Amino acid sequence: MNVIYTDRLSKHFGSLKAVDQVSISVGQGEIMGLLGANGAGKTTLIKMLCGMLPPTKGTGVVAGYDIVGQATSIRHHIGYMNQSVSLLDNLRVFENIEFYGKIYGMNKKEVAARWEELVDLFKMGDHRHKLASELSSGWRQMLAFVIAVFHNPKTLFLDEPTSGLDPLSRFEMWEQIYRTAYHGTTIVMSTHYLSEAWYCDHLIMMENGRVTAEGSPEHLNELSGNRGLGQLFLMHSE
Amino acid sequence: MITASHIYKYYGNNCVLNDIGFRVPSGSIFGIMGANGAGKSTLFEIMTTLIRNFGGDLTIKGMDIRKHRKDIHRIIGYVPGQFSLYEELTVRENLSFFARIYGCTPEHIMKNHPALWESLAPFSDKPARYLSGGMQQKLAVCCALVHNPEILFLDEPTTGIDPRARHELWRELIALRSQGVTILVSTHYMEEAENMDNLLFLHLGRSLIQASPRQMLQEYDRLLVSVSGMHPYQLFRELTGRSGLPGCYLSGKNVHIPLHKDQDMEVVREICHKAGMANTRVTRVQPGIEDVLIRHLSHDTTRTIA
């Protein structure tokens, strides 16, 4: 079953084709990685899939909702975590959780129940009463991830979720990404770490708004003559 | 070329650098790695004389950094982590500005580093703000090189720029090394470690490990076993906390188990077999830099997610 599906999705800004006729499909529980140079169109594509930016042409369905006509419904059924982690620094960890819980339309009881479910999985118990500003950057990113999955979204969008973390924290973040996917959430992520591209089920390489290569990491590696994803990247971003 | 010993730096009671020492041979690339908040930028600011209040000794080319600031300024170039050129000025104007500070001309750079200049030349009349991230970094490197420094400091030059631009920037740095320039560079891309002659990994202000990448791999003291063949999370959950195993972690789609050297990897096969994980593959693998770092991080009793 495809949770994300687009047909010739395009976004033009004046004469610039930021996203140009992109057709993709992502199955339930799959982790899809978006690769491409800065300016290739990754963020524009993600914003359209999140219902945050209407496409110029083409169609798409995310979590069963049309990205043009039902953008508001999409926003209720997805989780989103971007690079500039938007935590409320003057609030405690649990207050941040309560705040976002309210935004997701959950009542106090639901928030408390979901927190109990997640607190041990994320080893967040010790940090509950800390101010968000007191957390190290690794824990901030982990808290942002907890918030992004707090309402149990069917689809999760992650923009460079591991950037700036040490290797162990990165592996712990991946443990959470895999756990979330294992329980059926579809994940779309962008990354500049080519080593992490290997961790995805499916990769899409973009250049100048178009998809230039697509498939499993193993398949893309074959396309590069087994010289690595980095080589493929160089071939495709001339 | 650079000798640092017992470097300490406190902000209030917060110790951000805790007894750091290292030596950087002339004409080599010295990499400083670590998570955000590990102390990398503070160390760069000390070495480039921007922070003067610190504990410990630091000499550059035999000169004490506290006594010879002016002399040191003449032989170092610095590319800070934040883009700090004049965005309104064109590429050429930025170069001229920095050249004049050092009493030289932008032609210097064009002559001394033709390959670096060649890729920037087509944009020479463009304001710096309209350059791509990768091009901005190249311009920053050019500006740091106008006075032909012997040592170049670069604080996370490849953060936020795409793999192609990173590849090109590294080509330039390797070319500079072959011209005899000593380079100190920080990054958190593990795949860049292979370009470095020596590596210092900082963790919460302390030196976690220091060696050449090759040495790090050679000195790995475990038998690394990789298990694959199931959903990564399922695999990880099955293997976590098993008695007889010294622990495990997810490395991409595989679970890595750093067995003790005297253990046999049959232990892992048996556990998988008993747990009914019929389709798993158990293989011995060579460690990568990440496996080495994880080994050192999990040694570290004070470790928390940084």
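**Exercise 1. Which residue of β4(B) does I2(B) stand opposite?**

*Task.* Find the partner of I2(B), then place the pair in its sheet.

*Solution.* Keep in mind from the start that this is a predicted model.

Step 1. Begin with the two strands. Strand β1 of chain B covers residues 2-11 and strand β4 of chain B covers residues 55-60; five bridges join them, and they run antiparallel.

Step 2. Now look for the residue across from I2(B) in β4(B): I60(B).

Step 3. Widen the view to the sheet. Its four strands follow the order β2-β1-β4-β5 in chain B, the pairing is antiparallel, and the sheet is open. The edges belong to β2 (14-24) and β5 (63-64) of chain B; each has a single partner strand, so one side of each has no neighbour in the sheet.

Step 4. Add the helix. Helix α1 of chain B, residues 40-47, packs on this sheet and touches β1, β2 and β4 of chain B. The direction of α1 makes about 60° with that of β2(B).

**Exercise 2. Is strand β8 of chain A mostly covered or mostly uncovered?**

*Task.* Judge how β8(A) is covered, face by face, and find the strands that pair with it.

*Solution.* Step 1. Count the buried residues in strand β8 of chain A, residues 155-159. Five of its five residues are buried, so the strand is mostly covered, with buried meaning under 20% relative accessible area.

Step 2. Sort these residues by face. On one side are T155(A), F157(A) and D159(A), and on the other L156(A) and L158(A); all are buried, and both faces are covered.

Step 3. Turn to the partners. Strand β7 of chain A, residues 78-81, is joined to β8(A) by four bridges, and the two run parallel. Strand β9 of chain A, residues 186-190, also pairs with β8(A) in the parallel sense, over five bridges.

Step 4. Follow L156(A) in both directions. L156(A) is the bridge partner of G79(A), and L156(A) stands opposite I187(A) in β9(A).

**Exercise 3. Which residues are in contact with E290(B), leaving aside its neighbours within four places in sequence?**

*Task.* Locate E290(B), decide whether it is buried or exposed, and list its contacts.

*Solution.* Step 1. Find E290(B) in helix α11 of chain B, which spans residues 289-299.

Step 2. Check the cover. The relative accessible area of E290(B) is 12%, and the cut-off for buried is under 20%, so E290(B) is buried.

Step 3. List the contacts, leaving aside neighbours within four places in sequence. From chain A come P167(A), R170(A), F171(A) and Y199(A), and from chain B comes M190(B).

**Exercise 4. What is the strand order in the open sheet of chain B that contains β12 and β13?**

*Task.* Build up this sheet, then move on to R242(B) in a loop beside β12 in the chain.

*Solution.* Step 1. Read off the order, β12-β13-β11-β14 in chain B, with antiparallel pairing. At the edges stand β12 (249-251) and β14 (281-284) of chain B; each has a single partner strand, so one side of each is left without a neighbour in the sheet. From one strand to the next, the twist averages 35°.

Step 2. Look at one pair. Three bridges link β12(B) with strand β13 of chain B, residues 254-259, and the two run antiparallel. S251(B) has N254(B) as its bridge partner in β13(B).

Step 3. Place the helix. Helix α9 of chain B, residues 232-239, lies across β11 (223-228), β12 and β13 of chain B, and runs at about 30° to β13(B).

Step 4. Continue to R242(B), which lies in the loop between α9 and β12 of chain B. Its relative accessibility is 30%, and R242(B) counts as partly exposed. Not counting residues up to four places away in sequence, R242(B) touches I271(B) and A275(B). R242(B) and I271(B) are 29 residues apart along the chain, and their C-alpha atoms are separated by 8.3 Å.

**Exercise 5. How many residues lie between the strands in the hairpin of β1(A) and β2(A)?**

*Task.* Trace the hairpin from its strands to its turn.

*Solution.* Step 1. Strand β1 (residues 2-13) and strand β2 (residues 16-22) of chain A pair in the antiparallel sense over four bridges.

Step 2. F13(A) has L16(A) as its bridge partner in β2(A).

Step 3. Two residues lie between the strands, and G14(A) takes a positive phi near 60° in this hairpin.

Definitions and conventions:
Residues are numbered from 1 along each chain as its sequence is written. Chains are lettered from A and ligands numbered from 1 in the order in which they are written. This is a predicted model: local features need pLDDT of at least 70, side-chain atom pairs count only at pLDDT 80 or more; totals for chains, interfaces and linings use all residues. Side-chain values use heavy atoms; hydrogens and water are left out. Two strands pair if DSSP finds at least two bridges between them. Contact means heavy atoms within 4.5 Å. Axes are lines fitted to C-alpha atoms, for helices over the stretch in contact, and angles run from 0 to 180 degrees between N-to-C directions. Buried means under 20% relative accessible area, exposed over 50%, partly exposed in between (1.4 Å probe, protein chains only).
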